[in-house]
Amino acid sequence: MAQTLDVQDVRDRIARELDTVRAQYLADTAQLLRFKTVSGGNAEEEADYQRNIPLCLDWLAELSVRMGFAWRRFENRAAEIAWESPAPGRKTVGIAAHIDVVTAQGSWKHAPFSATTDGGVLYARGTQDDKGPLMASLYGMYAAKRAGIEPAVDVRLIIGTCEETGDWDDIAFYLAQRGAPDMGFTPDATFPITNGEKGMLNLLFEASWDDAGEDAETGLRFEAIEGGARTNIVPERCEARFSYPGGSRSAVTRELMRSTTEFTVQNKGANITLLPEDGPEGAAGSITATFLGKAAHSSLPHLGHNAILDALSFFSDVSTLPAGVRAFVQFLLLVGKEADGANLMIAEEHPFIGRTTVNLGIVKIGPTGGKGYLNIRPTLGVTVDRATENAKEAAAAFGDATGLQVSVKRHGKALDAIHLDPEEPSVAPFIAALQQSYTAVTGREASLCAIGGTTYAKAFPSFCAFGPVDTNDEQELAHQADERVSVDALMRNATIYGTSIALMR
């Protein structure tokens with residue numbers, strides 16, 4: 001028979017146990033953070049990743065068994081730390097976290113894999129995303145166990161190894177071996193509770209054409225339009241490069257200066273610089289037009305200014321541009337210029353999840369062909385299949401009208417939007433446990449929210465995101481330089497997670 005538990009008593013018992021093991025908790029968290037497990041990085045990082053993932057799993061296996069939990073390993077792709085009972089018919093709650101991290105670029109106060117504590121704050125890549133939360137979940141389980149609490153559910157702490165790459169083959173492999181828990185959460189967003197997420201879809205558009213060579217009248221030759229680094233970032237820079245015959249610098253620069261000045265006057269936020277470069281005396285030269293915007297997360301395109309769209313808008317009507325280049329520019333502008341996907345007929349809004357958003361994140365266009373990557377975050381009710389088909393139809397219609405054939409294919413994993421309904425009878429007790437634990441520990445209301453991002457919650461049925469960052473007190477620093485977490489937040493999170501587990505029914 002399940003215990004009747006007082007929430008405040010449970011919180012206090014778990015907090016006391018965490019205080020008892022505080023030094024070991026912090027030391028173990030630092031040790032996990034020191035494993036160099038950057039996924040999807042350069043050759044050196046990949047070598048470190050391949051070497052460190054097995055070592056990291058070995059270390060977690062030893063730790064979890066020492067704590068008295070069951071350990072299951074699925075090759076070196078995923079693992080599970082389980083707190084379970086032999087009693088039949090119990091529900092299973094999953095906690096899905098990952099041990100891979102993104103590369104540690106930028107200027108850091110402390111070396112990103114040193115796990116240095118400075119002024120009560122632990123600095124390291126992975127403190128927020130997602131090694132710190134993994135340890136908070138594990139030590140929350142451990143504190144509840146030490147407190148003599150027997151959960152009414154079986155608990156699986158599921159450990160992934162390639163979340164940051166977006167492939168999620170780790171979780172697919174795990175599910176094939178173990179099946180899915182009945183419900184659960186991932187500690188990989190913000191508090192209180194994120195029970196809705198927009199979908200995720202990246203589309204690659206490609207086209208080719210005959211090289212038109214130099215413009216017959218001016219001798220100007222198109223070389224490239226290139227911008228953006230990642231599909232999930234609003235691009236802050238796009239460059240267009242041209243070459244011109246010897247002696248033409250003044251005329252070319254004068255015309256570009258006139259037209260770019262006119263464009264910036266007519267387009268708020270546009271910023272263009274011109275850099276001519278002459279060769280030796282009388283030789284051909286080149287000129288680069290750089291369009292500057294403002295970066296933002298692609299799920300919030302209105303917070304940025306897309307430099308690629310400025311470049312495409314400027315060049316869409318430039319008559320000296322080769323016909324194939326101009327047509328492809330016009331197509332990318334067509335599908336990418338409306339931030340809600342209106343031109344793809346996916347501009348819909350859900351009352352909780354919000355509106356569909358799109359971001360033209362990367363373009364690479366040369367004299368004979370080009371590519372463009374469109375990041376789409378469909379709202380609930382707009383499937384990734386529908387968005388893909390609509391994009392293909394738009395490309396086909398454009399081809400019929402212009403003669404330019406544009407191919408459309410998915411790039412990476414495609415995931416539909418999710419919404420965990422808190423009113424669903426099978427879900428309501430689970431959501432209530434999360435709400436009660438968050439409120440008991442922080443004193444704040446445990447509201448529900450939706451995000452435009454993507455977490456492991458999409459990989460499982462009946463999952464949501466729960467922490468680890470409380471934006472009431474903390475700055476979200478995942479993927480940024482000087483990623484860090486305070487010791488107080490580590491203790492708070494472990495208390496919240498341990499209390500949640502104790503209250504699960």
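Start by selecting Asp-340, which sits in the loop between helix α8 (323–336) and strand β15 (349–350). Helices here are DSSP runs of H or I with at least four residues, strands are runs of E with at least two, and both are numbered from the N terminus. You are looking at a predicted model, in which local features need pLDDT of at least 70 and side-chain atom pairs count only at pLDDT 80 or more, while totals for chains, interfaces and linings use all residues. Residues are numbered from 1 along each chain as its sequence is written, and side-chain values use heavy atoms, with hydrogens and water left out.

**Stop 1: around Asp-340**

Now show the side chain of Arg-355: the side chain of Asp-340 makes a polar contact with it at 3.1 Å. (A polar contact is a pair of N or O atoms within 3.5 Å; within protein, one must be able to donate a hydrogen and the other to accept it, and residues adjacent in sequence count only if both atoms are side-chain atoms.) Add Ile-346, Ala-347 and Thr-356 to the selection, since Asp-340 touches these as well as Arg-355, leaving aside residues up to four places away in sequence. Contact means heavy atoms within 4.5 Å.

**Stop 2: α7 and α8**

Stay with α8 and add helix α7 (residues 307–315): the two axes come within 9 Å and cross at roughly 130 degrees. That angle makes α7 oblique to α8. Axes are lines fitted to C-alpha atoms, for helices over the stretch in contact, and angles run from 0 to 180 degrees between N-to-C directions. Angles under 35 degrees count as roughly parallel, over 145 as roughly antiparallel, 65 to 115 as roughly perpendicular and the rest as oblique. To see the contact, display Leu-309, Leu-312, Ser-313 and Phe-315 of α7 with Arg-326, Val-329, Leu-332, Leu-333 and Gly-336 of α8. Colour them by class and you will find 6 nonpolar, 2 polar and 1 charged. (Ala, Val, Leu, Ile, Met, Phe, Trp, Tyr, Cys and Pro count as nonpolar, Asp, Glu, Lys and Arg as charged, and the others, Gly among them, as polar.)

**Stop 3: a sheet of three strands**

Next, select β4 (116–118), β5 (residues 121–123) and β24 (484–486). They form an open sheet in the order β4-β5-β24, with antiparallel pairing. Two strands pair if DSSP finds at least two bridges between them. β4 and β24 are the edge strands, each pairing on one side only. On average, neighbouring strands in this sheet are turned by 25 degrees against each other, direction ignored. Zoom in on β5 and β24, which pair over 3 bridges; here Tyr-123 stands opposite Arg-484 in β24.

**Stop 4: α11 and α4**

Keep the sheet visible and add helix α11 (residues 487–503), which lies across β4, β5 and β24 and runs at about 75 degrees to β24. Then bring in helix α4 (residues 131–146), whose axis comes within 7 Å of that of α11, crossing at roughly 55 degrees. The two helices are therefore oblique to each other. For the contact, show Gly-132, Pro-133, Ala-136, Ser-137, Gly-140, Met-141 and Ala-144 in α4, which meet Leu-490, Asn-493, Ala-494, Tyr-497, Gly-498 and Ile-501 in α11. These divide into 8 nonpolar, 5 polar and no charged residues.

**Stop 5: α1 and α10**

Finally, pick helix α1 (residues 7–20) and helix α10 (residues 428–442), whose axes come within 10 Å and cross at roughly 65 degrees. They are therefore roughly perpendicular to each other. Val-7, Gln-8 and Arg-11 in α1 meet Gln-436, Ala-440 and Val-441 in α10.
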